[in-house]
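I opened this notebook to keep track of what I looked up, one topic at a time, so that I can find each residue again later.

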Amino acid sequence: MKACGLNTLTTYVPWNLHEPERGMFNFQNQLDLKAYVSLAAEVGLRVILRPGPYICAEWDLGGLPSWLLRDDGMRLRTTYPGFAEAVNLYFDKLISIIKPLMFEEGGPIIAVQVENEYGSYAKDDTYMPFIKDCLCSRGIKELLITSDNWAGLRNGGTAGVLKTINLQRLTFRAIQYLTFMQPNKPLMVTEYWSGWFDVWGDLHHVFPAEDMLGIVSEILNKGASINLYMFHGGTNFGFMNGASDFNTYKPQVTSYDYDAPLSEAGDYTQKYQLLRNLFHQYHSQPLPEGPPPQERNAYNPVVIQQHLSLWDALHFIDAPYRSDRPVNMENLPVNNDNGQSYGYTLYETTITSGGTLNSKNNIRDRALVFVDRKWVGNLDRKTHKLMLPDGEGTRTLSLLVENCGRVNFGKNLDSQRKGIVGDILLNRSPLRGFTTFCLEMKPDFIKSLMTSDQWKSDLTSTSTPGFYQATLCVEGLPRDTFIKLTGWGKGVVFVNGQNLGRYWFIGPQHFLYLPGPWLQGGENQIIVFEEQKMDNKILFAENPDYERTIDVYKFPFCTLL
């Protein structure tokens, strides 16, 4: 970033990671915000902090913790008492950490953003003044800004706070409109969209480098400051991807490459080189040389050595919860009564007949359906009915429900509860008597699997869904790589206990980025959770393969912004 000619790092703060359970804070290791901001200062960058509490970022629920949804009356991003109280407690902790890093205290943070694109939500006129006061009353004295797209500018600001704009093309005379909204104030594009994100089942979105360069040049020529969103997009590791829902629910992929100037794996791109050449003109001294590209390795394929069916793995999970009606993820009495946030939930009940199973669109978001643990079909937001086979006596009906990612943008944040969110009917009668297993696949669960002696080596009798184990041997210094799941269906990959994220054969992503620091010299354990279709090997590649791409401006969502 410094070598590209930029002078400021802009970064979000994801509340859901820093407070995974109410009152339990984590600012350590990979979540060490202080170390991250301090590193920016060490290389000579200033920082604009975007602490939310809502951040969007194509991140699950826009970075809001799911335990907020345990309150049936919750109204997110408003001054609703349950939300306001949680924000105050979070900001008490967060600002105690960042205040010593403020510019006035000798730190690198020169500005703080108040919420995020609230003009596109705008449900409570008192909310933005409340968030501003949350910052100011705790001693934040630096410049405060808001950021909104063109349509949201009118509704997104608050008194005494600088408005900035988010855009990709200079349509609607955007810069002039910002000047009209606040005359004689500094101009800034807080999000210049250098690319775009991807959703499952679509194509990989790209934004031509030459088009981007011309618009960046024009913005600078108009005297505006610009922030590249993204400069580096990275990865939605684990279950952190968000989802879009503009009449159709579409979960986002694991990769957040974004077609940004630095690739997901940190490669220089054509965009980077063009921007560096442009930004050089705004410096009186030569730009520093960038670090050398990271070496990567296409490791040899590894074969699956052992497997463990989902059903055999259930005893590694805490005691199941029993209820008459199905209970959504967030309201399950787990995680110190904070509910289940991510992953899968297994609901089981008994049936005495076959017939029509009707979800009434109460599956969030996708369910594999089993009778006596034999797969009979899927239910999702489009498929609500399924015929169950007839059989004798009492049988077990199982629904393995995946939370594919909560919506991160739009007016529907309050309705992002996951799992089974209402009655499921069999032949028009609601099912009752559920046993529910939480499959969050947290590190402790994966560690239990890794050390278990119950894995089976007979690969002729594998069953899905299940866990599949392989060993990658690394000689010398571990390098970054990409995992390719050719021949697999849909699931999640863990390497040495780290959740790399989801894969799905429908694409556009057909690989998972594996950072070298998560590998070790010698043996590395890979566990794949596969829902329906496994292969006997795992492949590796030096570079990702997106196959088909589409220009971002042929994607209709972009024209709505």
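The entries below go through a helix, some aromatic rings, the cavities and two single residues.

**Entry 1: before starting**

I noted that this is a predicted model, and I kept that in mind for each entry.

**Entry 2: helix α4**

I began with helix α4, which spans residues 127–136, and asked which of its residues are buried. I found that Tyr 127, Met 128, Phe 130, Ile 131, Cys 134 and Leu 135 are buried. These residues lie on the same side of α4, because they cover an arc of only 160° around the axis. I then looked up what this buried set packs against, and the partners are α3 (81–98), β3 (109–113), β4 (143–149) and α5 (153–156).

**Entry 3: a cluster of rings**

I turned next to the aromatic rings, for which the count comes to 31 aromatic pairs. Two of the buried residues of α4, Tyr 127 and Phe 130, turned up again in a cluster held together by ring pairs, in which they are joined by Trp 15, Trp 67, Phe 83, Tyr 90, Phe 91, Tyr 118 and Tyr 121. Tyr 121 also has a charged neighbour, since I found Arg 77 lying over its face at 4.5 Å from the ring centre. I saw a similar arrangement elsewhere, where Lys 490 lies over the face of Trp 504, at 4.7 Å from the ring centre.

**Entry 4: the rings around Phe 482**

Among the 31 aromatic pairs, I picked out the one formed by Phe 482 and Phe 511, which is edge-to-face, with 5.5 Å centre to centre and 85° between the planes. Phe 482 is in strand β26 (residues 481–484), while Phe 511 is in the loop between β28 (498–504) and β29 (512–514), so the pair links distant parts of the chain, 29 residues apart. Are these two rings buried or exposed? Phe 482 counts as buried because its relative accessibility is 1%, and Phe 511 counts as buried because its relative accessibility is 4%.

Phe 482 forms another aromatic pair with Tyr 513, and this one is tilted, with 5.5 Å centre to centre and 45° between the planes. Because Phe 482 lies in strand β26 and Tyr 513 in strand β29, the pair ties together parts that are 31 residues apart in sequence. Tyr 513 is buried as well, with a relative accessible area of 10%.

**Entry 5: cavities**

How many cavities of 30 Å³ or more are there? I found three of them, and the largest cavity has a volume of about 200 Å³. Its lining consists of 21 residues, of which Cys 56, Glu 58, Glu 117, Phe 197 and Phe 409 lie nearest its centre. The elements that give two or more residues to this lining are β6 (188–193) and β9 (243–245).

**Entry 6: Leu 399**

I looked up Leu 399, which lies in strand β20 (residues 395–402) and counts as buried because its relative accessibility is 0%. Leaving aside residues up to four places away in sequence, Leu 399 touches Thr 345, Leu 346, Tyr 347, Ile 363, Leu 368, Val 369 and Leu 379.

**Entry 7: Ile 550**

Last, I went to Ile 550, which is in strand β32 (residues 549–551). Its relative accessibility is 19%, and Ile 550 therefore counts as buried, given that buried means under 20%. Again leaving aside residues up to four places away in sequence, Ile 550 touches Leu 203, His 204, His 205 and Val 206.

Methods. Residues numbered from 1 in each chain as written. Predicted model: local features only at pLDDT ≥ 70, side-chain atom pairs only at ≥ 80, totals over all residues. Heavy atoms only, no water. Buried < 20%, exposed > 50% of the residue type's maximum accessible area, 1.4 Å probe, protein only. Helix = DSSP H or I, 4+ residues; strand = E, 2+ residues; numbered from the N terminus. Arc of directions from axis to C-beta. Contact = heavy atoms within 4.5 Å. Phe/Tyr/Trp six-rings, centres within 6.5 Å; stacked < 30°, edge-to-face > 60°. Lys NZ or Arg CZ within 6 Å of the ring centre and 35° of its normal. 1 Å grid on protein atoms, 1.4 Å probe; cavity = no way out; pocket = protein on both sides within 12 Å on 5 of 7 lines; lining within 4 Å. Points joined across faces, edges and corners; volume = space filled by probe spheres on them.
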